[in-house]
Every structure is written in C-alpha cells, then in structure tokens.
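Please look through the sequence and the model below before reading on. The paragraphs that follow go from single residues to whole segments and then to the ligand.

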Amino acid sequence: MLLGLGAGGLVAAIAARAFSPLVVVGSAVIDLTPGAMKEAVIRVFGHGDKAFLFVVLAVVIAVLAVLAGVLEVRRPWLGRAIVLAGAALGVAAALSRADATPLAALPAAVTGVVGAWALAFLVRRMPPAEPLRAQTAPSRRSFLSWSVGAAALGLVATLGGQLATRAASAAANARAAFRLPRPAASAPPVPAAASLDVPGITPVITPNAKFYRTDVELVIPQLDPEQWSLRVHGMVEHPFTLSWAELNELPMEEHYITLACVSNEVGGPLISTAKWLGYPVRLLLERAGVTGDADMVYSESFDGYTAATPLDAMTDPDRAALLAIGMNGEPLPFARGFPARLVVPGLYGYVSATKWVVDLKVTRFADEQGYWVTQGWAEKAPVKQSSRIDVPRPGRTITAGHQWIAGVAWQQHVGISKVEVQVDDGPWHEAELARAVNADTWVQWRWGWNATPGDHQLRVRATNADGVQQTSGVSDVLPDGATGWHTTEVTVA
Ligand SMILES: Nc1nc2c(c(=O)[nH]1)N[C@H]1C(S)=C(S)[C@@H](COP(=O)(O)O)O[C@H]1N2
Ligand SMILES: [Mo]
C-alpha cells in the first residue's frame, strides 16, 4: 500500500499536482462530512483538523491494506480487488473536483495498479505453512526483505513527491506575488501602422498563450526564484553570482523581439513576437570583464540544457541580448523559463534563448558545444530571411473579386525592405509593407488581389534591408534553418 501511494504521489507531483490520492480522497471526505460533524472536529482539534483527517485516513488505509493482504493469501485476486476498488474511489474523488483535468485520474489509478501488483508480487513470495515447506520454498526472511523494501521505496517516493510539490507551489506563489520592475528604458509603443487591417492576419505581437514553444524539458520546470541565481564565470576577470533580488535591482530594458526556431519549415508556425523585459547580457559581461581570446557564451539551464552563443552577439551595444524576466508585461510564464531566460535578436533559439538559465560561461567555440550542436545542428545559426503567407489560409476556397494576400516577413536584426507576391507564374507584385516595430521584429505585409475563379498558386518572397533578395533555393531545416519561397494553393469560386 505504501508503494502504491508513493507511486501515486510521485505521479501527482509530476503530472497533476493537486490530485495526489490522499489529497483527493481527503477533500472528498471533507465535502461529504456533515457540517455539524465538521464543526465538532474543528472544535476539538482546532488547527489540527487536517492532521486529524490524515490520521483517520491512514488508519482506514492501513486496515484495508491488512484486509487485502489476508484475503489475497486465501483467494488470489480478492485482495487485489479491494486495492483496485479503493483506487477506483480515489479516481472518482479526483474526477469530481471542480478543477479536475484529464490527468487528474492518473495518480489514483497508478496507486491502484502499483498497489495491486505489489500485493500479488509479495504474496507470491510468502513462505508456505510449515508442513508443506520444501527446500526451494521462499524463506520468511526473503519475504520480509521484499516487504520492507517495497514499503521503504514507497516512503521515499512519497517524500520525493512531497518535496517536488512543495517546491512547485513555492514557485507558483512566488510568481503570483512577483511584480515586474518598472523598465528604466521602455520600448516605444507599437505604432498603429505596424498592424495592417486584414482579417486573419497574424498579429504583430503574439499573446503569451499563442507563442510557439519548443523545449526538451518533459515537465514544465517550476523554479523558486529565491533558490535561483545566475553564475557568470569562465574567461573573465571577476566571476560573480547574481541573486534574484540583485537582478531585480538592476535597471531593466524593454524590447520587442521576434524569436524563431531553427526547426521552422518554410511557412511554418515556429516564430512569434513578444515584448521582453530584461537586463542586457552585455552589461553582465562588462561587469565580469571578459579576458583572452574568448569567442562564445555558453549558457546552461538549471537542468543541464545548453546553448553556445557568439560572444560578439552578446556584447554588441546595438543588439538587445537580454537576460529576460518579463514577457508581454507579465513575469515569464513557467513554460518560458521563469524566473529568467535569454533572448538574443537575430539568432535561432537553440543557439541563444536558453530558458531557466542559471549559468553563463565565457569560453571558446573550440572548447564547448551546445545541446543541439552535439545532435548535428550547426554551430552558428543566424536567423534566415523568410516570408510567410497567412491569408488566405492554404487550401481555402475564397470568392472571386478583391482579396487580400497577406502575412509576415522577417530577418531579425537586419530588417525587411520589400515583399513581393506572385500568382501562378505571373509577374511579381510589390506588396504593401506595414511599419516595422524595429529591425528585430517581423513585419506584416499585404497585397490586394483581384481573384479570378479557378485553382491558384500563391508565392511570396522578401528583400532584406541590405537589398538582398530571399533565396528561392530550397534547403531543409537541418542543419541551420530552412530556405525557399513559401507557396500555397487556393481555390477561387
Ligand atoms: N532550457 C531550455 N531552453 C531552451 C530550449 C530547451 O529545450 N530548453 N529550447 C530552445 C529552442 S530550440 C527555442 S527555439 C527556444 C524557444 O523558446 P519558447 O519555447 O519560449 O518559444 O527556446 C530555447 N531555449
Ligand atoms: Mo528551436
């Protein structure tokens, strides 16, 4: 029973925090207890009412466990049936919570399965009654060892689940209580001319919930900012460690920056734009005093994920490489790296945008490799010039007559000067460009098309601020980003 509860508690800590088996059953008991009885318990036990509830639960569970054990020895499956029935009550209790998610049933179900399995496993290892004992029969000692081992493992799992849950709720409370510092340097507001009036066009600023997300972390980490610090070290004169409190004393800057993933296919969705609040990495590096022939900043997240960023992108006073703590006016969401992450304009995320960052090491490309570089991706990965058709949506049927063809174009930190659209194999038409928020963001474009009935192919290409036209050459996302002109099909009825 301890093993089952431990496994359930651990699963709850990972996948469904509020739904550990004991907690959901306890809550159900509270809900089902008549008011007068609740008051009586509170009168007698005061603040110890919850502890009292858990003691009662523990006694009931212990009694059930003994009963299940005794019955399982007499009739295989009878004991397991009791364990599974108890777990089914737990599942029902979990799903009856108002805040139940689809994962809510998992912890109690795991408790049932692991508990039933452990019961059968242990009963099989029980020594038979004296007269039947054979040479090869399991001994009492081995049975006891297995039992104690299972119970100990269950206690360790319970403890682990408790610690993880406590840490996560400390982080959630800290994030809820945290107010972003006022920026010392605010970003100028997004000009109205940055947004074109086209139904269905991708908004210039992506709401946090719609921002694309890529990371290798299996479970969204929830770090307590009080436990967080950033170590700056390596090829520097004065290595130092920055605490959360110290970071928040520093003058913060606000910047609009478009982030893109190297895995984004031509026309793909893995690109978004936000207003970031953070402290320039350049100033952290200045304070540390970079030495020697360092050419790279090796950033590491709390769980060992790494990225290698060219030093000059981090030290360039004209490039807002940020240690960011805010995203679109709120503290970084947990999935975005709370309490702090990196954002570097113009570089793909895998070589720059480390979330939950805790360590910056000044070093050399010759000495270290970032996580994805060890998997075959390129060492250097500036964002490639690209453009995307968002309206009309690919495969749509639209009506003949005036239609907007519209979308976004980008080459962060360089900027876009022209976008052109082609219908079928006709001439290229220059699209209307919205006002760019800055050179580090994507820009909207639109072209008014007099659509004629039939199936058509739409194609887009952009020219960057240096006058370079986007290449038509098709390359795959591996090793350093896709290229090619985005082409979509549309039917005009
Ligand atoms: N700790 C950590 N940071 C990470 C990653 C990761 O897997 N783990 N992925 C990187 C990649 S590949 C990209 S494209 C960006 C995506 O950031 P987002 O999920 O906030 O959009 O985060 C980067 N930072
Ligand atoms: Mo990425």
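In which strand is the place of R459? R459 sits in strand β18. The model is a predicted one, and this residue is a convenient place to start reading it. Is R459 buried or exposed? Its relative accessibility is 18%, and the cut-off for buried is under 20%, so R459 counts as buried. The side chain of R459 has polar contacts with two other side chains: one with Q422 at 2.9 Å, and one with Q457 at 3.3 Å.

Strand β18 covers residues 454-464, and the loop between β18 and β19 (487-492) holds T483. T483 lies in a loop, yet T483 is buried, because its relative accessible area is 13% and buried means under 20%. What does the side chain of T483 reach at 2.6 Å? The partner is the backbone oxygen of G473. A polar contact, also of 2.6 Å, joins the side chain of T483 to that of S475.

Another loop residue to look at is D303, placed between β5 (296-301) and β6 (306-310). With a relative accessibility of 38%, D303 counts as partly exposed. The side chains of D303 and S301 are joined by a polar contact of 2.3 Å. D303 can also be compared with a residue far from it in the chain: P221 is 82 residues away in sequence, while the two C-alpha atoms are 9.1 Å apart in space.

The next topic is the backbone. Most residues other than glycine have a negative phi, and most peptide bonds are trans. Which residues and bonds depart from this pattern here? W356 is not a glycine, but its phi is positive, about 50°. W356 is in the loop between β9 and β10 (357-363), and it is buried, with a relative accessible area of 1%. D424 is not a glycine either, and has a positive phi of about 50°. D424 belongs to the loop between β14 (416-423) and β15 (428-430). Its relative accessible area is 27%, so D424 is partly exposed.

Two peptide bonds are cis. The bond from F338 to P339 is cis, with omega near 10°, and P339 is in the loop between β8 (330-331) and β9 (341-343). The bond that joins V391 and P392 is cis with omega about -10°. P392 lies in the loop between β11 (386-391) and β12 (397-398).

Now take the chain as a whole. It is divided into domain 1 (2-168), domain 2 (192-375) and domain 3 (386-492). How far apart are the C-alpha centres of domain 1 and domain 3? The distance is 59 Å.

Some annotations from UniProt can be placed on these segments. An unreviewed UniProt entry gives "transmembrane region" for residues 51-71, 78-98, 104-123 and 143-164. Over residues 51-71 the model is 100% helix and 0% strand, with 30 Å between the end C-alpha atoms. Over residues 78-98 the chain is 86% helix and 0% strand, and the end C-alpha atoms are 33 Å apart. UniProt, again in an unreviewed entry, places the feature "domain: Oxidoreductase molybdopterin-binding" at residues 219-372. Over residues 219-372 the chain is 12% helix and 37% strand, and the end C-alpha atoms are 19 Å apart.

The last stop is ligand 1. How many residues surround ligand 1? There are 19, and the closest are Y212, V216, R336, R341 and K355. By class, the shell consists of nine nonpolar, four polar and six charged residues. R341 has a polar side-chain atom 2.8 Å from an oxygen atom of ligand 1. A backbone N or O atom of A353 is 3.0 Å from a nitrogen atom of ligand 1. Y305 has a side-chain N or O atom 3.5 Å from a nitrogen atom of ligand 1. How much of ligand 1 does the protein bury? Taken alone, ligand 1 exposes 540 Å², and the protein buries 98% of that.

Terms used: Residues are numbered from 1 along each chain as its sequence is written. Chains are lettered from A and ligands numbered from 1 in the order in which they are written. This is a predicted model: local features need pLDDT of at least 70, side-chain atom pairs count only at pLDDT 80 or more; totals for chains, interfaces and linings use all residues. Side-chain values use heavy atoms; hydrogens and water are left out. A residue is near a molecule or strand if one of its heavy atoms lies within 4 Å of it. A polar contact is a pair of N or O atoms within 3.5 Å; within protein, one must be able to donate a hydrogen and the other to accept it, and residues adjacent in sequence count only if both atoms are side-chain atoms. Accessible areas come from the Shrake-Rupley method with a 1.4 Å probe; for residues, only the protein chains shown count as cover. Ala, Val, Leu, Ile, Met, Phe, Trp, Tyr, Cys and Pro count as nonpolar, Asp, Glu, Lys and Arg as charged, and the others, Gly among them, as polar. UniProt positions are given in the numbering used here, feature names are shortened, and annotations may be inferred rather than shown by experiment. Helices (H or I, at least four residues) and strands (E, at least two) are DSSP runs, numbered from the N terminus. Domain bounds come from an automatic or database domain assignment. Buried means under 20% relative accessible area, exposed over 50%, partly exposed in between (1.4 Å probe, protein chains only).
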